[in-house]
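User: I would like to learn how to read the packing of helices in a model. Could you take me through it step by step?

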Amino acid sequence: MTARRAGLAWLLTAGLSVAGAQNLSAYGALATQLDGAVQARAQSAEAALNRLDAAGAALDQLAPTLRNQQIVSGLRDALDRSRGALARTPAELQAQVLLARGLMRKALYDQSLAALGGQPADEDAQLRVLAREFGLTGAAAQALSADVKAGQLERAAWRLQRSAVQKVSAALQATQAQQTTAAYVNLARATGWFTVVQDSSSAGSLKLSQFGDALRQLTGGDTAALTTSLTTLRQGAQAFSRALATPPAPSGTAGAAPTPTPGPTTDAAGSASGQTGAAQTGGAQTGVQEAAGAAPVTPSPATPATGSADAAYAALGRALGASSHGDPQTTRAALQEAATQLGRATTPLRDTAEYAALQRALDAAQTRAAPRPSDVQALIGGLANAEQAARGEGSSALNRASLGTAGWFSGWLRALVFLLLGLGALAPLYLLNLAFGGRNMYWRAITAGLVLLLLPLFLEGIFGFLGALGDTLGGGALAALSNVTLSQGAYALPIWALVALAALGLLTYGFRGLCVQFGLMGDQGSAAQATVHHTAIDWDEDV
């Protein structure tokens, strides 16, 4: 093993003497412009194009310092596809950028670890870029730096691989076997991160081509095959993660090169294994990009956004506004946009269980009939929970329960249940009138009070059902009838309060009148008179 490490170290040092160091400034500019293009696309395609042009200029500066020209070719192809995606959808652009960022991290991982073995002058700068790109902060970033400075490059590679595999697993867990924007973006994110560590000896049977197959199945609408592929990918990612559970033992040889990625990190001349690894990186990545661009999932119209969580909140706010006045089409479009924006989230938000639950709820809500304000409010609560979990805080059990309840008690189920309850409310009113008649004014007041008490239930049942029917039939006016229900918005609360006040007044008047009529209230004379004559008075007649 020691001889192997020494041989790899010699090859890496020889490669560095030929290729030189990677241009970290150009790398940072390329990353900034690519990520900025995704954000700018939500505002205008022209602004995103300007960002992509700037990214092309940064790539021109970076390319001469990259030893793996297959990655350079893949990055240029990804930029071309990103420009083409501007004419299609924001999600297609985001997917291409995620794939390009995976290639960038692959080049950074291979070349920086090789350079760090020679203790370069810009060691601290390279460590900062590595930590930032792989989402290592605080103690994790310090541990990476300590390993590199101690010459334990295998442990440093292990830390970076483990972080990448965690992101692969999180993205796969958030991917549903449905042809949705969120699934498309999440699968592209998983593909990009696996690109970084595809040559690791711990990857087992997991191959980059499997991710490309899953992308083609998703864009082609083959959800049955996609379900099988996702299961295989998740199992492979779990096995990969288990293989990285234990850090490698200290090598004892300063400057020893990491063994997980021998392919693309060979010298410029290239060994046989190096050529194979490079070809795999470029060829398989190109295949994935072709699969992603073949039949992109159509997302919602672009809307202004400033960041993943904030933009998701904004989209959910628009969905809440649309659902509050009975506009289900706009509501679903805004929910699709929220899913797109949420798919751009990075660690630690996307690594939480609350984030995965929210993604599943959003995917389901996009296709649900008759979305109501309470459904969107539950999603907003779910996003708040995910943010709290990402900060290491406790999440709200009430928000969690609301998100779970909205997942099943909504749409047509809710409409039909309340329709049955609303129609069923007529039964006790009919029986009350049948039993006591309508000649006694007090019984009439009681009946009217009960009608007003049950009115919100009746309105929810009848007009909630008509609104759901209108949404299904595509009728705007009919779909807007859900606005008549008293659970639709704040405007209905004063109406509900007035109806309840009138109901309580009528019920109080009616029951007090009956008490007086039967001598239970009022002066003694009235009570005595009622006692004497009660046998001659029907309880449905006035005194």
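User: At what angle do α5 and helix α8 pack, and how far apart are their axes?

Analyst: Axes are lines fitted to C-alpha atoms, for helices over the stretch in contact, and angles run from 0 to 180 degrees between N-to-C directions. Here α5 and helix α8 (residues 153-174) pack at about 160 degrees, with axes 11 Å apart. Since angles over 145 degrees count as roughly antiparallel, α5 and α8 are therefore roughly antiparallel to each other. This is a predicted model, in which local features need pLDDT of at least 70 and side-chain atom pairs count only at pLDDT 80 or more, while totals for chains, interfaces and linings use all residues. Residues are numbered from 1 along each chain as its sequence is written, and side-chain values use heavy atoms, with hydrogens and water left out.

User: Which residues of α5 and α8 meet?

Analyst: Contact means heavy atoms within 4.5 Å. Tyr109, Leu113 and Leu116 in α5 meet α8 residues Leu153, Ala156, Ala157, Leu160 and Gln161.

User: Is α5 largely enclosed or not, and why?

Analyst: Buried means under 20% relative accessible area, with a 1.4 Å probe and protein chains only. In α5, 27 of the 27 residues are buried, so the helix is largely enclosed by the rest of the structure.

User: What span does α5 reach?

Analyst: The expected span of a helix is 1.5 Å times one less than its number of residues. Helix α5 (residues 90-116), a DSSP run of H or I with at least four residues, numbered from the N terminus, reaches 37 Å from its first C-alpha to its last, close to the expected 39 Å.

Key: Helices (H or I, at least four residues) and strands (E, at least two) are DSSP runs, numbered from the N terminus. Buried means under 20% relative accessible area, exposed over 50%, partly exposed in between (1.4 Å probe, protein chains only). Angles under 35 degrees count as roughly parallel, over 145 as roughly antiparallel, 65 to 115 as roughly perpendicular and the rest as oblique.
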